[in-house]
Amino acid sequence: MELPLYGNLINYPLAWTILALALVAIVLSYVAAPLVVWTFLTAVALYGLGASATVWIVFAVLAILFNVPPVRRLLSGAVMKLLNALNFLPSISRTEKEAIDAGTVWVEGELFSGRPDFKRMMSQSFPDLSDEERAFLEGPVNQVCEMTDDWEVFKNRKLPDAVWDFLKRERFFGMIIPKEYGGLGFGPSANSAVVAKVATCSTVLGITVMVPNSLGPAELLIHYGTDAQKKRYLPSLANGTDLPAFALTEPGAGSDAGAISANGVVFKDENGKLYLRLNWRKRYITLAAVSTVLGLAFKLYDPDELLGRGKNLGITCALVPTDIEGVKLGRRHDPMGVPFYNCPTEGHDVVLPLEEAIIGGRDGAGRGWRMLMESLSAGRGISLPATSTGGVKHIGRAASAHGVVRRQFGLPIGRFEGIEEPLARIGGFAYLLDAARRYTNGGLDSGAKPAVVTAMAKYNFTELARIATNDAMDILGGNAISRGPRNTLANLYVNTPVSITVEGANILTRTLMIFGQGAIRCHPYALKEIQALETNNVREFDAAFWKHIGHVISNATRALVLSVTRGLTARSPVGGPSARYFRKLAWASASFAFLADLAMGSLGGDLKRKEKLTGRFADIFSWMYLCTAVLRRFEAEGRRSEDLPFLHWSVQYGLGKIQEAFDGLYQNLRVPMLTWFFRGPVAAWSRLNSISGGPSDSLGHEVASAIQVPGEQRDRLFSDTFVSENWERGIARSERAMKMGHDVAPLEKKLKNAVRAGDIPRGSDEEIAASALKNGLLTESEYHELLATHAALADAVEVDDYSLEEYLAMGALGKLEEVL
């Protein structure tokens, strides 16, 4: 007897049948339906098509092969052998492996998945400071900033002794140390806020405060030290009795830290006590010359196997008092003329008790690299992102105020489109960077240690700060290049390459850490597959590999559908102006995830050497994260309508950078048999159907205009930047002039209209004001207010000058300080 509906699908037009089946397949793939659903619906389709017995037999074999794990593992085992035979896996050194294993995966895993859960990402903390932390920022932080004159610091080549004493007394060097050991017990958000603000006063002050609270003895002791080590060092580090430095970099080991030659040898004295004999030659070590305790990274050797763990134990971290025999300090580098302590150090046959010296005691032997990577996985997202954010806010105040107070051709220069363009970048970056700083620190506050996110932060924050600094230098022109007490930018400008270089040079961070390691660490299945192949575990490989195949197919479908619909089929966790950006980010995520798998599949282990490609992948990955942080800020702050231009500019800028990176991938990615397809049809479609072309000129005008108006919004955008109570110091001068200019703008407009109407004659500003007073257009108080404002505006654009004797004396003073 014939079953009901059997073969009915063949009664419909073939084209309609194929279309219906294709749509069902697309829907299943888009929603990532499990294999059992595919199997069931395929059986339904075969039934409806009246499939022959032969087809049913083939289908049954395939269904059993892929749905029954013990059977499927036979195929998985064959795949494993093939991959091993092809040397498909990238070669991963021990240090790379420990770097990948260090830290955690946080929200970046959502973006790498191709199917981001934006609801989860929007639920992450976006913290503000506690009352205690805010009091510290507005109390001791402001005080030390008032005490620090950045021009004097650069001229004298050092921070004043009074500043050092104040930093110690107020426990600036112990911000991250728990209160039980005498520190302030601040978390990442407060640490970041303090470093950001002091950096707006002085780069040297910022670095000096930053380093003891970053990777170094205190951080390592808190997480890995023995109780005895914590009690010995943490209280004295907190109150400044001990000053720390951390020594990792060597002449032959920079980016390749695994190549360090510093070494320690384990030996036993006549009483059977274990000691270390240390030798090292390090460079670029901040605070080394004034340090009392040196954190040292070295390779540990145990030739007599006294620890019972082999002869080569690997990278280890130790604490070395700098006053013991064999430690050599006292010399300095000169990084771009920025006078913070940055120094070489050497150690020759330095002998220390092993249990006291190695961080964590004998249990810490050989664990140094993991300690460093775990610490950097958090710390890289705090220090330099903080100084970069603070720097851009400071730059924003300086450049926007200058746009108002500097007048040419009868107008403030900030009204000219050529100035508006860089002003918009500075304003947009300030909003974006503070959003990402707070979002990242919220994750760190909650205990996450996302190594990839913090690498994104270090690279992108410092690069955007470099762009903003160059923009501000262009806007301020002669005021930016004429050095002296009035100059608010030059010292930031010369410090920019330092930030680019330290804590992982930016080229390395972009090409290796963000995507090279991120592709393994953040991918839902790649690391599991690699580990299964290394251990020859068929069960684990089988569990990951076939899900990976489904993941690729689903993301290919999602990328296609989201591209055709311009993201409209994606869900947004919120309504309002943010919704369309979530949909575009979903589109970008699906395309990114598919291309990443395609690149890994076609290039295999060679991908890590294709740094131009990995750099473009890193750009997409980074900007998806940064855009998400901007959206989180806008939502967390209550969707302020006045912030809409900053939301739109920041996200559109980010989406434009994502589009730029995609276009670069399509033109350069080589895929066997498909290279022509990506360079031709796909590249053309991408240009015609771009995710974004970047922010428009009119949007840039809105941002540039907003930051040139003194008031609540501008103060909030550039919050927690140091503005001295003394209006003659730093940016306080231009801030005062800007406010005065804004207050008299209605009077100036009235006078301009009077001149046009012929009520008063043309002339200089002073002559026009005098005529207006005489004709009764101005009151006496208005007249004097106008004159005072014109004087303030003129004073704000003055630059420093010196007699020849004064100029030469400054150079001589610098040389004298170096000799002393």
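Here are some short exercises on this predicted model, each with a worked solution.

Before you start, note that residues are numbered from 1 along each chain as its sequence is written, and that side-chain values use heavy atoms, with hydrogens and water left out. Because the model is predicted, local features need pLDDT of at least 70 and side-chain atom pairs count only at pLDDT 80 or more, while totals for chains, interfaces and linings use all residues.

**Exercise 1. The nonpolar cores**

Find which residues touch the most other members of the largest nonpolar core.

*Solution.* Start with the term: a nonpolar core is a set of buried Ala, Val, Leu, Ile, Met, Phe, Trp, Tyr and Cys residues joined through side-chain atoms within 4.5 Å. Buried means under 20% relative accessible area, exposed means over 50%, and partly exposed is in between (1.4 Å probe, protein chains only).

Next, go to the 110 residues of the largest core: Phe 621, Ile 658 and Phe 662 touch the most other members. Helix 26 (residues 579-603) gives this core its largest share, 15 residues. Helices (H or I, at least four residues) and strands (E, at least two) are DSSP runs, numbered from the N terminus.

Now zoom in on Ile 658. Skipping neighbours within four places in sequence, Ile 658 is in contact (heavy atoms within 4.5 Å) with Leu 585, Ala 588, Ile 620, Trp 623, Met 624 and Ile 691. There's also a second, separate core of 66 residues, with Leu 167, Cys 343, Leu 354 and Ala 357 among them. As background, nonpolar side chains tend to be buried together in soluble globular proteins.

**Exercise 2. Cysteines without a bond**

Work out why Cys 145 and Cys 201 don't form a disulfide.

*Solution.* A disulfide is a pair of cysteine sulfur atoms within 2.5 Å. The closest cysteine sulfur to that of Cys 145 belongs to Cys 201, and at 4.1 Å it is too far for a bond. Cys 145 itself is buried, with a relative accessible area of 0%.

Try Cys 343 next: its closest cysteine sulfur is in Cys 317, 19 Å off, so that's too far for a bond as well. Cys 343 counts as buried, at 1% relative accessibility. The count for the structure is zero disulfides.

**Exercise 3. An enclosed helix**

Decide whether helix 22 (residues 490-501) is largely enclosed or not, and list what packs against its buried residues.

*Solution.* First count: nine of the twelve residues are buried, so helix 22 is largely enclosed by the rest of the structure. Those buried residues include Leu 492, Val 494, Val 498 and Ile 500. They pack against helix 10 (150-156), helix 13 (203-210), helix 18 (383-405), helix 20 (451-476), helix 21 (478-481) and helix 23 (506-521).

Then look just past the helix, where Glu 503 takes a positive phi of about 55 degrees. Most residues other than glycine have a negative phi.

**Exercise 4. Following the strands**

Trace how strand 3 (residues 274-286) pairs with strand 2 (residues 263-268) and with strand 7 (residues 342-353).

*Solution.* Two strands pair if DSSP finds at least two bridges between them. Strands 2 and 3 run antiparallel and are joined by six bridges, with Asn 263 opposite Asn 279. They make a hairpin with five residues between the strands, and Gly 272 in the turn has a positive phi of about 85 degrees.

Moving on, strand 3 pairs with strand 7 over nine bridges, again in the antiparallel sense. Here Leu 278 has Val 350 as its bridge partner.

**Exercise 5. Two rings in one helix**

Classify the aromatic pair of Phe 541 and Phe 545.

*Solution.* Rings of Phe, Tyr and Trp (its six-membered ring) pair if their centres lie within 6.5 Å; planes under 30 degrees apart count as stacked, over 60 as edge-to-face and the rest as tilted. The structure holds 31 aromatic pairs. For Phe 541 and Phe 545, the values are 5.1 Å centre to centre and 15 degrees between the planes, which makes the pair stacked.

Now check where the rings come from: both residues lie in helix 25 (residues 538-564), four residues apart, about one turn of the helix. An α-helix has 3.6 residues a turn, so residues three or four places apart point the same way. Finally, Phe 541 and Phe 545 are both buried.
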